[in-house]
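Visitor: I should like to take a close look at one part of this structure. Could you please begin with the strands and then lead me outward to what surrounds them?

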Amino acid sequence: MLHYTISGKGKETLVLLHGFLESSNIWQDFLPYLEEHFTLICIDLPGHGKSPCIAETQTMELMASAVKETLQSLPLEKFHLLGHSMGGYISLAYAEIFPEDLLSLTLFFSTYQADDDDKKENRRKSFRIIKEEFGKYVNAGVPLLFSTSERNNLQPKIQFTKQIALSTPTEGAIASLKGMIERPNRRNILNQLSAKIILLLGRHDAAVPSLQLLQDLPDADNIKAYLLDCGHQGHLEAPSICGEILKKELLLS
């Protein structure tokens with residue numbers, strides 16, 4: 001079973017899945033915007049935070065099943081599921097395997113697209129760097145997740161994100177990278193899922209092709225997208241705006 005925390009006092013439950021090289025601690029400054037309205041379950045994904053690595057290749061399906069096993073230990077019925085970045089990939093796999101569990105699915109600065117060949121190759125090249133120079137990998141990569149124009153103002157949050165990343169076991173990082181390489185395009189889930197689907201995207205997100213996703217979204221009444229003036233880390237760059245959107249959309253689902 002995966003490590004998790006529970007907070008908040010709302011009648012509806014929101015499960016939050018963090019991104020690559022993060023942990024449930026990444027949400028700590030975001031939770032105050034949600035705790036009055038939701039019961040919040042924040043999970044450490046396999047190989048991250050306090051949760052153990054569960055395979056040499058942690059596929060999105062395998063991690064989604066680990067989330068399911070963890071949630072089955074709680075008195076839950078239907079719930080809202082939100083995934084940031086890699087957590088979004090896992091959320092999509094969860095929605096494919098266990099759609100009956102979901103009141104809504106939020107892709108939070110994430111994508112349903114598979115990696116292209118160049119991105120897969122870049123992930124493979126990073127295996128050696130993570131093993132041999134993990135500190136350099138984190139120090140170089142984390143600032144790129146934040147909006148270029150705001151990086152000076154966001155230095156405390158960048159350092160906070162680095163600290164969490166550096167606490168991630170390299171075994172878990174590599175196993176998760178291998179799983180992300182293997183993941184398929186899951187645009188079909190947006191067509192198949194009857195629950196509400198929300199996308200929060202960053203105009204300055206260097207990790208997700210936000211404008212391309214907006215153009216490619218299926219035209220369906222249950223899908224709604226927001227483009228925010230931030231980078232990949234909306235929960236750190238624009239927490240109040242993200243919180244207001246989630247309250248507006250999910251409490252009406």
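Guide: The following account begins with one strand and then turns to the core, the salt bridges and the cysteines.

This is a predicted model, in which local features need pLDDT of at least 70 and side-chain atom pairs count only at pLDDT 80 or more, while totals for chains, interfaces and linings use all residues. Residues are numbered from 1 along each chain as its sequence is written, and side-chain values use heavy atoms, with hydrogens and water left out.

Let us start with strand β6, which covers residues 196-202. Helices (H or I, at least four residues) and strands (E, at least two) are DSSP runs, numbered from the N terminus. Of the 7 residues in β6, 6 are buried, and the strand is thus mostly covered. Buried means under 20% relative accessible area, exposed means over 50%, and partly exposed lies in between, with a 1.4 Å probe and protein chains only.

Strand β6 has pairing partners, where two strands pair if DSSP finds at least two bridges between them. With β5 it runs parallel, and 5 bridges join the two. One of the positions involved is Ser104, whose bridge partner in β6 is Lys196. With β7, strand β6 also runs parallel, here through 6 bridges. Leu199 has Ala225 as its bridge partner in β7.

The path from β6 to β7 includes a helix: β6, helix α8 (residues 210-216) and β7 make a right-handed β-α-β unit. A crossover is right-handed if, with the strands pointing away from the viewer, the path from the first strand over the helix to the second runs clockwise.

Strand β7 (residues 223-228) also holds Lys224. Glu249 forms a salt bridge with this Lys224, and their closest N and O atoms are 3.1 Å apart. The pair links distant parts of the chain, since Glu249 belongs to helix α10 (residues 239-250) and the two residues are 25 residues apart. A salt bridge is a side-chain nitrogen of Lys or Arg within 4 Å of a carboxyl oxygen of Asp or Glu. Glu249 counts as buried because its relative accessibility is 5%, whereas Lys224, at 36%, counts as partly exposed.

By this rule the count comes to 13 salt bridges. Another of them joins Asp115 to Arg183, with the closest N and O atoms 2.9 Å apart. Asp115 lies in the loop between β5 (102-108) and α3 (117-132), and Arg183 in the loop between α6 (170-182) and α7 (187-192), so the pair ties together parts that are 68 residues apart in sequence. Both Asp115 and Arg183 are buried. A further salt bridge joins Lys136 and Glu133, whose closest N and O atoms are 3.1 Å apart. Lys136 counts as exposed because its relative accessibility is 57%, while Glu133, at 32%, counts as partly exposed.

Glu61, Glu96 and Arg186 are linked in a network of salt bridges. Two of these residues, Glu61 and Arg186, are touched by Ala93, which also touches Met60 and Ala64, not counting residues up to four places away in sequence. Contact here means heavy atoms within 4.5 Å. Ala93 is placed in helix α2 (residues 86-97) and counts as buried because its relative accessibility is 0%.

Helix α2 leads on to the nonpolar core. A nonpolar core is a set of buried Ala, Val, Leu, Ile, Met, Phe, Trp, Tyr and Cys residues joined through side-chain atoms within 4.5 Å. The largest such core has 80 residues, of which Trp27, Leu71, Met86 and Tyr94 touch the most other members. Its largest share, 7 residues, comes from α2. Tyr94 touches residues including Ala64, Leu71, Phe79 and Leu102, not counting residues up to four places away in sequence.

Finally, consider Ser147 and the cysteines. Ser147 is placed in the loop between α4 (134-141) and α5 (155-166), and counts as buried because its relative accessibility is 2%. Ser147 touches His204, Cys230, Gly231 and Glu237, not counting residues up to four places away in sequence. The sulfur of Cys230 is the closest cysteine sulfur to that of Cys242, but at 5.9 Å it is too far for a bond. A disulfide is a pair of cysteine sulfur atoms within 2.5 Å, and by this rule the count comes to 0 disulfides. Cys242 is buried, with a relative accessible area of 0%, whereas Cys53 is partly exposed, at 23%.
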